[in-house]
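Me: Please take a close look at one part of this structure, the lining of the largest pocket, and then work outward from there to the rest of the fold. I would like one connected account, with the reasoning given where it matters.

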Amino acid sequence: LVPFISMLFLTLLLLFLALFPGAFNCCTKISDEIPEGILRRVERFDIQKADGLCHLEAVILYIEGRKFCVSPRIRKVKKWMKKNKHKIPRKKFHGRKQRRTRIKKKEKKQ
């Protein structure tokens, strides 16, 4: 009976992780202050919304492989985000690109 219950628990855990991959990637605490030097070293950032799995609004700053969660209401952060929109990772389009072909005009012979 014990192996069955542990196997059932493991199966449910794996199912949960498959259905909600971001569940354990949410910021649970946010900082209300941020030093200017940290903003200069940010490599990229994400915006966490307070809907679904995550219960806090936050800006996630990635610096040297680490992540820092800060409040999106900090004036310095808002200003910095406007300047650095290019550091938000873009969603990749997985469709097939159509190849452009040149249409050659036939020369009229006279």
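Reply:
**The largest pocket and what surrounds it**

Sorted by class, the residues that line the largest pocket comprise seven nonpolar, three polar and three charged residues. The model is a predicted one, and what follows should be read with that in mind. The lining amounts to 13 residues, and those nearest the centre of the pocket are Asp 46, Ile 47, Gln 48, Lys 49 and Ile 60. Two elements, S1 and S2, each give two or more residues to this lining, and the largest share, four residues, is that of S1. The space in the pocket comes to about 290 Å³.

To place these strands, it helps to step back to the whole chain. The protein chain holds three helices and three strands, which follow one another from the N terminus in the order α-α-β-β-β-α. Of its 110 residues, 22% count as buried, and among contacts with a separation of 6 or more, those between residues 24 or more positions apart account for 47%.

The loop between S1 and S2 is a useful place to continue, since the strands on either side of it are the ones named for the pocket. His 55 is found in this loop, and it is classed as exposed because its relative accessible area is 57%, where the cut-off is over 50%. Although His 55 and Thr 28 are 27 residues apart in sequence, their C-alpha atoms are 7.9 Å apart in space.

Cys 54 forms a disulfide with Cys 26, and the two sulfur atoms are 1.9 Å apart. This pair links distant parts of the chain, with Cys 54 in the loop between strand S1 (44–48) and strand S2 (58–63), Cys 26 in the loop between helix H1 (2–19) and helix H2 (36–40), and the two positions 28 residues apart. The link is left-handed, with -70 degrees about the S-S bond. Burial here is taken as under 20% relative accessible area, so Cys 54, at 14%, counts as buried, and Cys 26, at 17%, is buried by that cut-off too.

A search of the whole structure finds two disulfides, and the other one joins Cys 27 to Cys 69, again with sulfur atoms 1.9 Å apart. This pair also links distant parts of the chain, 42 residues apart, with Cys 27 in the loop between H1 and H2 and Cys 69 in strand S3 (residues 66–70). The torsion about its S-S bond is about -70 degrees, so this disulfide is left-handed. Cys 27 is buried, at a relative accessible area of 2%, and Cys 69 counts as buried at 14%. When the bonded cysteines are numbered in sequence order, the pairing reads 1-3, 2-4.

From the strands one can also turn to the nonpolar interior. In soluble globular proteins, nonpolar side chains tend to be buried together. In this model the largest nonpolar core has 13 residues, of which Ile 34, Val 59, Leu 61, Val 70, Val 77 and Trp 80 touch the most other members. Two or more residues of this core come from each of H2, S2 and helix H3 (75–83), which makes S2 an element named both here and in the pocket lining. Another core lies apart from this one and consists of five residues, including Cys 27, Ala 58, Tyr 62 and Cys 69. Trp 80, back in the largest core, is in contact with Leu 39, Val 42, Phe 45, Leu 61 and Lys 87 once neighbours within four places in sequence are left aside.

The loop that follows S2 deserves a last remark. Glu 64 is found between S2 and S3 and has a positive phi of about 50 degrees although it is not a glycine. Most residues other than glycine have a negative phi. Glu 64 is exposed, with a relative accessible area of 57%. Not counting residues up to four places away in sequence, Glu 64 touches Arg 41 and Glu 43, and a distance of 7.4 Å separates the C-alpha atoms of Glu 64 and Glu 43, which are 21 residues apart along the chain.

Terms used. Residues are numbered from 1 along each chain as its sequence is written. This is a predicted model: local features need pLDDT of at least 70, side-chain atom pairs count only at pLDDT 80 or more; totals for chains, interfaces and linings use all residues. Side-chain values use heavy atoms; hydrogens and water are left out. A disulfide is a pair of cysteine sulfur atoms within 2.5 Å. Buried means under 20% relative accessible area, exposed over 50%, partly exposed in between (1.4 Å probe, protein chains only). On a 1 Å grid over the protein atoms alone, a cavity is a set of points where a 1.4 Å probe fits but cannot get out, and a pocket is an open set with protein on both sides within 12 Å along at least five of seven lines; lining residues have an atom within 4 Å of a point. Grid points are joined across faces, edges and corners, and a volume is the space filled by probe spheres set on the points. Ala, Val, Leu, Ile, Met, Phe, Trp, Tyr, Cys and Pro count as nonpolar, Asp, Glu, Lys and Arg as charged, and the others, Gly among them, as polar. A nonpolar core is a set of buried Ala, Val, Leu, Ile, Met, Phe, Trp, Tyr and Cys residues joined through side-chain atoms within 4.5 Å. Contact means heavy atoms within 4.5 Å.
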